[in-house]
Amino acid sequence: MHFHDRAAISSVVPDNILFIEWNSQIEYFTYSADLKIHSWDGIAKDSSIKTITLNKGTHILDIDCMNISQQSMDHRKKSSETFAIGTSDGKCYIMHKTGRTERVIDAHKGAVMNAKWNHDGTSLLTSGEDGQLKIWSRSGMLRSTHTQRDSPIYSAVWSPFSTGVLYSSGKTITIQYFAANSKTLQWKAHESVVLVVAWSPISNLIASGSEDCHFKIWDPMGQLLFKSAPRLYPITSIAWSPDGAFCAFTTFSSVCVSSAYGSDILEGSMDGDGISSVCWSPEGSQLVVGNSTGRIQISHLVKGGLTWASYNVTKIAPNTLQLRDHFNETVELLEFRDDVILWSFKYGYLLLVNQTHCLIHKENGWNSPITVELRDKCPQFIKQTEKYFLIMDCGIVYVFSYDGALQGTPRISNQRLTTLTADHVTAAREVIATRNSSDGKSIHCCHYRTGKPVYGDKPLVHSGQVTKLELDPGSPTGDQLLAFTDAVRDLYLLSLSSGLNRVRSSLKIAGGVTSFAWNCDCSMLVMIREEELCVVPYPPAVPNDPALLDKFTIRQNIREYGKHVSIESFVGHQVTLQRGDGLTFPVYLSPYPSKLQQFVSNGQWDSAQRLCSSIKMEILWVCLAAMAVHYKQLDATQVAFAALRETDKILYIDAIKKMNNVAMIKAETALLQNGRTEAETILLQAGLPLKAIMLNLQLFQFEK
């Protein structure tokens, strides 16, 4: 990972640049001390200038643009042109980008240090030199005053989902939630005055910078996760990337980018000192920095590569990619006129997105891509499936086939999707699943063409914030699995065939999970926890019998690859790991579990048994037993349990085979899968209530 200076322009602003805001892919704004707003076209070539009218001698201390991701799609154009401006005379101005003043608020006694819109643009947060923290309505009416400190509040931001505020005063950082009976959390963060704080709504991590020249990262409970080495100058500004994966911070003479947990710091510089502001582009691939000499610099953050099968793609420049085929030992250069800001490589298709188009490159035809024009020209992320792919463009999900044909634009539960990232949206087969953008706890599933709910009208409501979700591409449409992690890093598995109306459908299978991914070819799940790579060979069997999880989980130590490693892809028996600095490493697993699953999915049970017998790995027999139970193949199940010396289960299966009643056989087989409710239903529907009663007595379910 490295910086690549994409564009730079100097001596265009007659005075020092105070703030920079990037409100869309093709437009960003700079604000200078001469009270002028410069609107740029996104590549630092042309600008339009509007003058802000303020009282004489007044200075701007903070400006916040009501971003397009903070409003509904019908108002995104209007909202992206509205600013909140905090000034040194205690006033807060709500202004249009044309310079027209919509509202002037007498906010504080003394300077207004901060003015921040919340995530949906309905409330405005201000903090002042008088030590007060206030919340205003969109129209400028005072709603509440939340604190009174003895020292100025230099920095204040909203919490994720706008349920509280985070602010710094003196050497301390305070988190105050709005809910009744909620506790206020406060801790000493630095040895000197805390100048800036930032809270990522995606990673839920807090960054702070101080006059003590240290940059720190905290969790929401105030636990220190990272402390940087002392810089030469105090930290002047902080900005989290839109996906929460990186944090940029600046000093007087340098701009630095770190991973979410502080490791792998990348440092750059620009001509002229006095760096005052930094911000990210909406898709998170570019940084724009301004300084006191009137210089603007846009840098492209060139990350690591992508791997698929024998291919490896690396970005050697913002508009140049190198495609290497290790099997045929060939190398191709793909050069483009515009910068590549998003890319994805799966299922033999390389997708490259620039500011206005998506290019679909197919295997054996890399130099003749199919071009798809983007409607709103503000792409946020790409998600690929085997038959189609999704593009989030300015808050709207577009579904395309790999021939470039538009398949649909599903409206998912009428929710605003602009605040979602790639981790919050997943697709497989004919289903799209998304995290609710309002509360972060609900999961909605819909059809990828129409947007109609599937697997029940009610969403799954989890107890905590869902941080990532992925559908299993290897499971059949009628029995799909969904894996998701929450804010405390617990990994849950949900069988969608059981419906989303019951919370008990989700099953916790692991804790402390930092990354996970499904296999693209078959139903296998890999995760990273406690510096181990853990592979679940056949997850569909886990909801039926959770006790199987410890028996057939494959573990491999990955401590040698360092901390904060994530899973980039899982194809075949190769897992590609990625470090925070962008470097990737392949880890090869045993090919036999995936081969065994291939035999089972094709109904070749004899071949599956011969594979287990010849390899003589106990874990293969465990996998075969789980698969045979899942598919209700009693003969194969008995053979697998015999190899595992499970005598009681062998006798139980033998007793099932001797039964003459079909309903009894189905009920007992369902019990073998831990399906107690299913077994009871089978007996009742077959007109055997006495058998159902005896079943509940044997299972000690006396309340039934």
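This report describes two nonpolar cores, one open sheet and two buried polar residues in a predicted model.

**Nonpolar cores**

The largest nonpolar core has 45 residues. Within this core, L491, I509, M527, F552, L596 and L624 touch the most other members. Helix α5, which spans residues 618–630, supplies the largest share of the core, with 11 residues. Both domain 1 (305–590) and domain 2 (599–699) are represented, each giving at least three residues to this core. In general terms, nonpolar side chains of soluble globular proteins tend to be buried together.

M527 shows the surroundings of one such core member. Leaving aside residues up to four places away in sequence, M527 touches L491, I509, A510, V513, S515, F516, E532, L533, C534, V536 and I567. A second core, separate from the largest one, has 33 residues, including L334, L342, L350 and V571.

**The open sheet**

Four strands make up an open sheet with antiparallel pairing, and their order is β10-β11-β12-β13. At the edges lie β10 (112–117) and β13 (142–148), each of which pairs on one side only. From one strand to the next, the twist averages 15°. Strands of a sheet pair through backbone hydrogen bonds, in either a parallel or an antiparallel arrangement. Here, β12 (residues 132–137) pairs with β13 in the antiparallel sense over five bridges. L133 stands opposite T147 of β13.

**Two buried residues**

H214 and Q574 may be described side by side. H214 is found in the loop that runs between β19 (206–210) and β20 (215–218), whereas Q574 belongs to strand β54 (residues 574–578). H214 counts as buried because its relative accessible area of 14% falls under the 20% cut-off. Q574 is likewise classed as buried, because its relative accessibility of 17% is under 20%.

The table lists one polar contact made by the side chain of each residue.

| Residue | Partner | Distance |
|---|---|---|
| H214 (side chain) | S228 (backbone oxygen) | 2.8 Å |
| Q574 (side chain) | T576 (side chain) | 3.4 Å |

Further contacts complete the picture of both sites. Not counting residues up to four places away in sequence, H214 touches H190, S208, G209, K227, S228, A229, P230 and I235. S228 is thus named both as a residue touched by H214 and as the polar partner of its side chain. With sequence neighbours up to four places away again left out, Q574 touches T307, S569, P586, V587 and Y588.

Conventions. Residues are numbered from 1 along each chain as its sequence is written. This is a predicted model: local features need pLDDT of at least 70, side-chain atom pairs count only at pLDDT 80 or more; totals for chains, interfaces and linings use all residues. Side-chain values use heavy atoms; hydrogens and water are left out. Buried means under 20% relative accessible area, exposed over 50%, partly exposed in between (1.4 Å probe, protein chains only). A polar contact is a pair of N or O atoms within 3.5 Å; within protein, one must be able to donate a hydrogen and the other to accept it, and residues adjacent in sequence count only if both atoms are side-chain atoms. Contact means heavy atoms within 4.5 Å. A nonpolar core is a set of buried Ala, Val, Leu, Ile, Met, Phe, Trp, Tyr and Cys residues joined through side-chain atoms within 4.5 Å. Domain bounds come from an automatic or database domain assignment. Two strands pair if DSSP finds at least two bridges between them. Axes are lines fitted to C-alpha atoms, for helices over the stretch in contact, and angles run from 0 to 180 degrees between N-to-C directions.
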